[in-house]
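Got your viewer open? Load the model and keep the selection panel handy; we'll go stop by stop.

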2 protein chains.
Amino acid sequence: MAATIRDVAQASGVHVSTVSRTFSAPHLVNAETRTRVLAVAENLGYRPNRAARALTTGRTHNLGLIVADISNPFFPPLIKAAQAHARARDYHVFVADTDEDPQVEEELIQTLTKQVDGVLLCSPRLSNRAIERLRADVPFVVVNRRVKGMPTILMDVGQGARLAIEHLTRLGHRRIALLSGPGGSWTSGEMREAAAAMDGVDLVILGPNAPTEQGGLAVAAEVIASGATGVLAYNDLVAIGLIEGLYERGVRVPGDISVVGVDDIVSGRLNRPKLTTVAMPTAAAGRMAVDLLLQSVDDGATPTLITLETGLVVRESTGEARS
Amino acid sequence: MAATIRDVAQASGVHVSTVSRTFSAPHLVNAETRTRVLAVAENLGYRPNRAARALTTGRTHNLGLIVADISNPFFPPLIKAAQAHARARDYHVFVADTDEDPQVEEELIQTLTKQVDGVLLCSPRLSNRAIERLRADVPFVVVNRRVKGMPTILMDVGQGARLAIEHLTRLGHRRIALLSGPGGSWTSGEMREAAAAMDGVDLVILGPNAPTEQGGLAVAAEVIASGATGVLAYNDLVAIGLIEGLYERGVRVPGDISVVGVDDIVSGRLNRPKLTTVAMPTAAAGRMAVDLLLQSVDDGATPTLITLETGLVVRESTGEARS
DNA sequence: CTGAAAGCGCTAACAT
DNA sequence: ATGTTAGCGCTTTCAG
């Protein structure tokens with residue numbers, strides 16, 4: 001059995017509370033005693049039990065981070081940024097994957113509730129109602145979804161969509177296909193709204209599609225049939241899958257059809273053609289989400305709304321429309 | 001404040017221990033009482049506090065899963081399989097990313113120690129000595145690294161390397177480059193050993209390389225200079241980066257140089273050319289790792305060694321050597 | 001079948 | 001500066 005605070009106390013001839021203090025409030029204990037206790041602790045391999053500590057302090061110093069699909073390369077930069085940022089604040093981030101399943105998502109939150117001080121919900125598939133209900137149990141920060149009255153980080157994908165479509169129209173494309181994402185996706189809704197509000201484009205909406213390469217691959221035939229020459233895909237994965245699907249059918253990108261993705265994942269830069277895409281500020285979002293969450297853990301939830309700008313990165317998957 | 005067991009006890013007019021039993025040993029409590037307690041609990045939104053429960057039972061019902069780099073697509077299938085498998089056994093898996101940093105890895109393990117019942121160490125960068133020291137604190141299962149006396153899951157990448165090189169030689173390649181991985185990588189060592197032991201190949205070892213597309217991109221010039229016509233890359237990411245680097249330099253794959261990767265990640269199938277690769281049984285490894293870990297949590301560590309077969313998937317990135 | 005009491009490892013007033 | 005005491009939320013003997 002691992003050493004407890006009691007073992008250390010006994011072995012160093014002080015009371016447990018003194019040992020406790022040497023770890024949680026070192027300045028309150030005599031330097032001499034402290035060194036001795038520390039030495040004994042080191043010797044016994046003692047480490048404070050965070051779970052037990054949490055029971056009295058009410059602070060676990062853990063955060064939960066829930067994502068819909070860990071294998072989507074969109075998330076890792078966000079996760080890494082959040083973990084690094086949290087670590088610097090002496091917090092630890094636990095990541096969990098919901099497999100795009102709202103039910104699993106809800107169970108996960110329940111499980112996490114008492115083991116973390118707050119949870120980061122990234123692109124949740126859960127209904128707003130469910131989220132609002134759950135918020136009684138644990139502080140939340142929501143990323144990429146609008147839930148009123150809750151601290152939220154949004155990446156302005158609507159603006160990104162406008163940028164992308166303007167880029168496409170400037171290249172002479174008139175008929176543009178929007179490949180929407182999964183039903184519950186806020187991002188997808190934003191894109192659709194932004195696109196629909198634009199003048200001078202002949203918009204065709206295809207989907208919902210799975211937010212994966214498979215999703216893009218599967219919709220390729222439909223895209224061709226639609227007669228669109230410009231495409232804005234739900235994300236880079238879909239864009240890459242689509243390009244592959246088009247390629248297999250002898251349709252060239254950007255020669256025949258121009259494709260724009262969303263996210264700016266690493267492999268988009270290594271795809272051939274290199275992907276034109278709407279860059280999402282994921283790392284920044286991860287950091288700000290942690291800050292916001294920590295803040296609402298300390299001071300109660302302030303329903304702040306932070307909107308992060310997106311930008312268009314033009315690479316090789318878009319070009320002039322054939323005349 | 002969320003409802004505690006005491007609130008439920010009070011509101012349903014029974015002792016806390018009865019409430020406790022209702023949740024952890026339902027068969028020991030009168031059906032009638034049980035329904036009443038359950039109703040009250042539901043009503044109050046009561047959920048047992050797992051951390052507190054852990055304090056008395058010594059079981060958190062959590063597992064930790066540590067990976068070197070969550071953005072490497074090799075890991076997600078393993079993570080997902082482990083999470084799903086664990087969930088079915090009423091365990092939850094917390095994932096953490098070490099950023100390929102042994103120091104961070106060690107801290108993470110320390111943090112996790114008391115909050116989980118066991119830790120899955122995937123492709124650790126930590127030294128064997130450090131791992132052996134840490135094992136006193138928490139049960140481990142190690143994946144893709146040989147640590148003597150510890151439960152271990154290995155994917156037989158040595159065999160995979162042999163398969164790949166045989167494939168290459170059969171296609172007429174004589175001079176073959178092995179792109180090794182990061183210094184601390186067990187996998188990389190296995191591949192090198194297997195390759196070195198093969199007759200009739202003129203082996204050149206290039207590296208260490210970062211286990212990423214960047215790593216592959218960066219080594220492209222060296223590969224060309226080496227005069228090798230066949231390449232076995234540390235993993236698919238490196239292979240994809242390499243192909244891109246070669247392409248930029250006007251070298252064709254598989255026309256001029258054949259490339260084999262390792263892992264069989266999804267995007268390898270969508271790359272152009274589709275990647276020939278050594279398929280790693282990651283999902284199976286994730287499931288077995290959970291089983292092994294749970295077993296060693298229950299019965300103490302049995303130093304089992306499980307070796308999983310790998311296989312070669314031939315696609316389009318390999319072809320006949322130019323004569 | 002249910003209640004009483006002790007205790008898991010730790011912290012937080014309150015004394016001294 | 002250190003010791004005392006109580007208690008966080010829960011489980012687990014042990015009685016009854």
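Start with DNA strand C: among its atoms within 4 Å of the protein, 65% are sugar or phosphate and the rest belong to bases. Before clicking further, note that this is a predicted model, where local features need pLDDT of at least 70, side-chain atom pairs count only at pLDDT 80 or more, and totals for chains, interfaces and linings use all residues. Residues are numbered from 1 along each chain as its sequence is written, chains are lettered from A and ligands numbered from 1 in the order in which they are written, and side-chain values use heavy atoms, with hydrogens and water left out.

**Stop 1: around strand C**

Select the 26 residues that surround DNA strand C; the closest are A:Ile5, A:Ser20, A:Arg53, B:Arg21 and B:Thr33. (Near means that one of a residue's heavy atoms lies within 4 Å of the molecule or strand.) Now show some polar contacts, meaning pairs of N or O atoms within 3.5 Å; within protein, one must be able to donate a hydrogen and the other to accept it, and residues adjacent in sequence count only if both atoms are side-chain atoms. A polar backbone atom of A:Asn49 sits 2.9 Å from a phosphate oxygen of strand C, and a backbone N or O atom of B:Asn30 is also 2.9 Å from a phosphate oxygen of this strand. For a side-chain example, pick A:Thr56, with an N or O atom 2.9 Å from a sugar or linking oxygen of strand C.

Which helix gives the largest share of the surface near DNA strand C? Helix 4 of chain A does, with five residues. (Helices are DSSP runs of H or I, at least four residues, and strands are runs of E, at least two, numbered from the N terminus.)

While you're on chain A, color residues 3-57: an unreviewed UniProt entry annotates them as "domain: HTH lacI-type", and such annotations may be inferred rather than shown by experiment. That span is 71% helix and 0% strand, and its end C-alpha atoms lie 21 Å apart.

**Stop 2: around strand D**

Switch to DNA strand D and its 27 surrounding residues, of which A:Thr33, A:Thr56, B:Ile5, B:Ser20 and B:Arg53 come nearest. Here sugar and phosphate make up 61% of the strand's atoms that come within 4 Å of the protein. Measure from the side chain of A:Thr18: one of its N or O atoms is 2.8 Å from a phosphate oxygen of strand D. For a base, try B:Ala52, where a polar backbone atom lies 3.3 Å from a base nitrogen of strand D.

**Stop 3: helix 4 of chain B**

This helix provides the largest share of the surface near DNA strand D, five residues. Its buried residues (under 20% relative accessible area, 1.4 Å probe, protein chains only) are B:Arg50, B:Ala51 and B:Ala54. Look down the axis of the helix: the buried residues fall within an arc of 100°, taken from the directions from the helix axis to the C-beta atoms, so they line one face. At the start of the helix, a side-chain oxygen of B:Asn49 comes within 2.9 Å of the backbone nitrogen of B:Ala51. Just after the helix, B:Gly58 has a positive phi of about 80°.

**Stop 4: B:Gln83**

Finally, select B:Gln83 in helix 5 (residues 75-88) of chain B. Is this residue buried or exposed? It counts as buried, at 6% relative accessibility. A polar atom of its side chain lies 3.3 Å from the backbone oxygen of B:Val93. Leaving out residues up to four places away in sequence, B:Gln83 contacts (heavy atoms within 4.5 Å) A:Val95, A:Ala96, A:Asp97, B:Val93 and B:Val95.

Methods: Buried < 20%, exposed > 50% of the residue type's maximum accessible area, 1.4 Å probe, protein only.
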